[in-house]
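Here is a colleague's note on the structure, set out as numbered points. Please read it with the sequence and the model side by side.

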Amino acid sequence: MGGNNRIFDLFWVTTQGGPGYATRVLPLQMYITAFPNEQVGYGSMLAVVLAFFGIVLSLMLLRFTGFTKMSSQLEGL
C-alpha cells in the first residue's frame, strides 16, 4: 500500500492530475472522485476495482511463475 501512496503524492503535489487527465492514476482518481467531488460511493467502487485487479494480477503471477511448484533441495533431510 505504501507504493500507491507515493504515486498519489507525486502526482497530486506536482500536477493535481493535470493537464486535463494526462497524469490521473487510479489512486488519484479515487481521491478526486470521493472527496472534492463528494461521490464517495463511486470512489469506493474505484477502490474495489483496484483491489480486484491487484488480486487477479497476484494470482496470475503465482500461477505462471510456478511459485507453488518450488521445493527445497534439503526437503526431507
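The points below go from the whole chain to one helix pair and then to single residues.

1. Status of the model. The structure is a predicted model. Every value below is computed from that model, and it should be read as such.

2. Overall make-up. The protein chain has three helices and zero strands. Read from the N terminus, the order of elements is α-α-α. The chain has 77 residues, of which 17% count as buried. Its exposed surface comes to about 6,300 Å², and carbon and sulfur atoms supply 66% of that area. Among contacts in the chain with a separation of 6 or more, 6% are between residues 24 or more positions apart.

3. The α2/α3 pair. Two packed helices are described by the angle between their axes and the distance between the axes. Helix α2 covers residues 26-34 and helix α3 covers residues 40-65; they pack at an angle of about 160°, with the axes 7 Å apart. An angle over 145 degrees counts as roughly antiparallel, and α2 and α3 are therefore roughly antiparallel to each other. Their crossing is left-handed.

4. What meets what in that pair. On the α2 side the contact residues are Leu26, Pro27, Gln29, Met30, Thr33 and Ala34. On the α3 side they are Val40, Tyr42, Gly43, Leu46, Ala47 and Leu50. By type, the residues of this contact divide into nine nonpolar, three polar and no charged.

5. Leu26. This residue lies in helix α2 and belongs to the contact with α3. Leaving aside residues up to four places away in sequence, Leu26 touches Leu46 and Leu50. Leu26 and Val49 are 23 residues apart in sequence, and their C-alpha atoms are 9.6 Å apart in space. Is Leu26 buried, partly exposed or exposed? With a relative accessibility of 29%, Leu26 counts as partly exposed.

6. Leu28. This residue is also placed in helix α2. Leu28 is buried, its relative accessible area being 0%. Which residues does Leu28 touch, not counting those up to four places away in sequence? They are Phe8, Phe11, Trp12, Gln16, Gly17 and Thr23. Leu28 and Asp9 are 19 residues apart along the chain, and 8.6 Å separates their C-alpha atoms.

7. Gly17. Helix α1 spans 2-14, and Gly17 sits in the loop between α1 and α2. The relative accessible area of Gly17 is 0%, and a residue under 20% counts as buried, so Gly17 is buried. With residues up to four places away in sequence not counted, Gly17 touches Phe11, Ala22, Thr23, Arg24 and Leu28. Phe11 is thus named among the contacts of Gly17 and among those of Leu28. From Gly17 to Ile32 the C-alpha to C-alpha distance is 9.0 Å, with their positions 15 residues apart in sequence.

8. Glu38. Most residues other than glycine have a negative phi. Glu38 is not a glycine, yet its phi is positive, at about 55°. Where is Glu38 placed? The residue lies in the loop between α2 and α3. Its relative accessibility is 67%, and Glu38 counts as exposed.

9. Points to check against the view. In the α2/α3 contact, look for the nine nonpolar and three polar residues. In α2, compare Leu28, which is buried, with Leu26, which is partly exposed. In the loops, compare Gly17, which is buried, with Glu38, which is exposed.

Methods: Residues numbered from 1 in each chain as written. Predicted model: local features only at pLDDT ≥ 70, side-chain atom pairs only at ≥ 80, totals over all residues. Heavy atoms only, no water. Axes fitted to C-alpha atoms, helices over the stretch in contact; angles between N-to-C directions. Helix = DSSP H or I, 4+ residues; strand = E, 2+ residues; numbered from the N terminus. Parallel < 35°, antiparallel > 145°, perpendicular 65-115°, else oblique. Left-handed = near helix turned anticlockwise from the far one by under 90°. Contact = heavy atoms within 4.5 Å. Nonpolar A, V, L, I, M, F, W, Y, C, P; charged D, E, K, R; others polar. Buried < 20%, exposed > 50% of the residue type's maximum accessible area, 1.4 Å probe, protein only. Areas by Shrake-Rupley, 256 points an atom, 1.4 Å probe, with all protein chains shown as cover.
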